[in-house]
Amino acid sequence: MKAVVIIPTYNEKGNIERLIPIIEEEVFPKIENHNMHILVADDSSPDGTADEVKKLMQKYKNLH
């Protein structure tokens with residue numbers, strides 16, 4: 001089964017760069033029988049949140 005965690009953001013660069021690795025490396029491995037994905041919905045944050053997510057997308061292929 002496919003599951004998507006949706007994270008709405010606005011000016012969350014500092015938080016998103018810490019949150020995504022925790023979800024990917026600590027939470028998702030504990031969830032069995034699911035194809036886990038993360039969808040970040042950014043509202044044009046001027047602090048570079050979207051750029052940070054794009055950088056993290058290189059490492060985590062299930063991050064959108």
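Which unit do β1, helix α1 and β2 make? The legends below take up this question and then turn to single residues in the predicted model.

**View 1. The β-α-β unit of the predicted model.** Strand β1, helix α1 and strand β2 make a β-α-β unit that is right-handed. Helix α1 covers residues 13-27. The two strands, β1 at residues 2-9 and β2 at residues 35-42, are paired in the parallel sense. Eight bridges connect β1 and β2. Within this pairing, I6 has L39 of β2 as its bridge partner.

**View 2. The whole protein chain.** Two helices and two strands are present in the protein chain. Their order along the sequence is β-α-β-α. The C-alpha trace spans about 40 × 15 × 15 Å along its principal axes. The radius of gyration of the protein chain is 12 Å, which agrees with the value near 11 Å that a compact globule of 64 residues would have. Of the contacts with a separation of 6 or more, 75% are between residues 24 or more positions apart.

**View 3. Surface and burial in the protein chain.** The accessible surface of the protein chain comes to about 4,300 Å². Carbon and sulfur atoms hold 54% of that surface. Buried residues amount to 33% of the 64 residues. Two buried residues, H37 and E52, are taken up in the next views.

**View 4. Surroundings of H37 in strand β2.** H37 lies in strand β2. Its relative accessible area is 12%, under the 20% cut-off, so H37 counts as buried. The side chains of H37 and N35 are joined by a polar contact of 3.3 Å. Leaving out residues up to four places away in sequence, H37 touches K2, A3, V4, V5, F28, N62 and H64. Among these neighbours, K2, A3, V4 and V5 fall within the range of strand β1, residues 2-9. In a regular strand, side chains alternate between the two faces of the sheet.

**View 5. Surroundings of E52 in helix α2.** Helix α2 runs over residues 49-59 and contains E52. E52 has a relative accessible area of 6%; this is under 20%, and E52 is therefore classed as buried. Residues up to four places away in sequence aside, E52 touches K13, I16 and E17. K13, I16 and E17 fall within the range of helix α1, residues 13-27.

Key
Residues are numbered from 1 along each chain as its sequence is written. This is a predicted model: local features need pLDDT of at least 70, side-chain atom pairs count only at pLDDT 80 or more; totals for chains, interfaces and linings use all residues. Side-chain values use heavy atoms; hydrogens and water are left out. Two strands pair if DSSP finds at least two bridges between them. Helices (H or I, at least four residues) and strands (E, at least two) are DSSP runs, numbered from the N terminus. A crossover is right-handed if, with the strands pointing away from the viewer, the path from the first strand over the helix to the second runs clockwise. Buried means under 20% relative accessible area, exposed over 50%, partly exposed in between (1.4 Å probe, protein chains only). A polar contact is a pair of N or O atoms within 3.5 Å; within protein, one must be able to donate a hydrogen and the other to accept it, and residues adjacent in sequence count only if both atoms are side-chain atoms. Contact means heavy atoms within 4.5 Å. The radius of gyration is taken over C-alpha atoms; the globule rule is 2.2 Å times the number of residues to the power 0.38. Accessible areas come from the Shrake-Rupley method with a 1.4 Å probe; for residues, only the protein chains shown count as cover.
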